[in-house]
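This report looks at one residue, then at the core, then at the chain as a whole. Keep the structure open while reading.

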Amino acid sequence: SFFVFCAPLSLSKPPLLDIPNETALYKNILTSVQPSKSNFQDAVNKGYLAVVNLRASGEIGSWNEKKY
């Protein structure tokens, strides 16, 4: 699975979330593999505004992000 975290454009670089394989692509874009529930809360606390889940429709994760 692949996730994209979007922060405000006003940031000079995206805050890191301590997720495996996270990569800052642009000043407000961070990509990563499957985040944990605590990573989602950390993203909110650090100002991220949106998360795009690019997981294939048939792929099942370790927990249901939609419910969180």
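Asn39 sits in helix H1, which spans residues 37-45. The model is predicted. Is Asn39 buried or exposed? Its relative accessibility is 10%, and buried means under 20%, so Asn39 counts as buried. Its side chain reaches the backbone nitrogen of Ser36 at 2.8 Å. Beyond neighbours within four places in sequence, Asn39 contacts Leu17, Asp18 and Ile19.

Leu17 and Ile19 also belong to the largest nonpolar core. That core has nine residues; the others are Phe3, Phe5, Ala7, Leu30, Phe40, Ala43 and Tyr48. Strand S1 (3-6) and H1 are the elements that give two or more residues to this core. In soluble globular proteins, nonpolar side chains tend to be buried together.

Leu30 is one of the core residues. Setting aside residues up to four places away in sequence, Leu30 touches Phe3, Val4, Phe5, Pro14, Pro15, Leu16, Leu17, Glu22, Thr23, Ala24 and Tyr48. Among these, Phe3, Phe5, Leu17 and Tyr48 are listed in the core too.

Now the whole chain. Its secondary structure comes to one helix and four strands. From the N terminus, the order is β-β-β-α-β. Percentages for the chain follow.

| Quantity | Value |
|---|---|
| Residues that count as buried, of the 68 in the chain | 31% |
| Contacts joining residues at least 24 apart, among those at least 6 apart in sequence | 57% |
| Share of exposed area supplied by carbon and sulfur atoms | 57% |

The exposed area of the chain is about 4400 Å².

Methods:
Residues numbered from 1 in each chain as written. Predicted model: local features only at pLDDT ≥ 70, side-chain atom pairs only at ≥ 80, totals over all residues. Heavy atoms only, no water. Buried < 20%, exposed > 50% of the residue type's maximum accessible area, 1.4 Å probe, protein only. Polar contact = N/O pair within 3.5 Å; in protein donor to acceptor, adjacent residues only side chain to side chain. Contact = heavy atoms within 4.5 Å. Core = buried A, V, L, I, M, F, W, Y, C linked by side-chain atoms within 4.5 Å. Areas by Shrake-Rupley, 256 points an atom, 1.4 Å probe, with all protein chains shown as cover.
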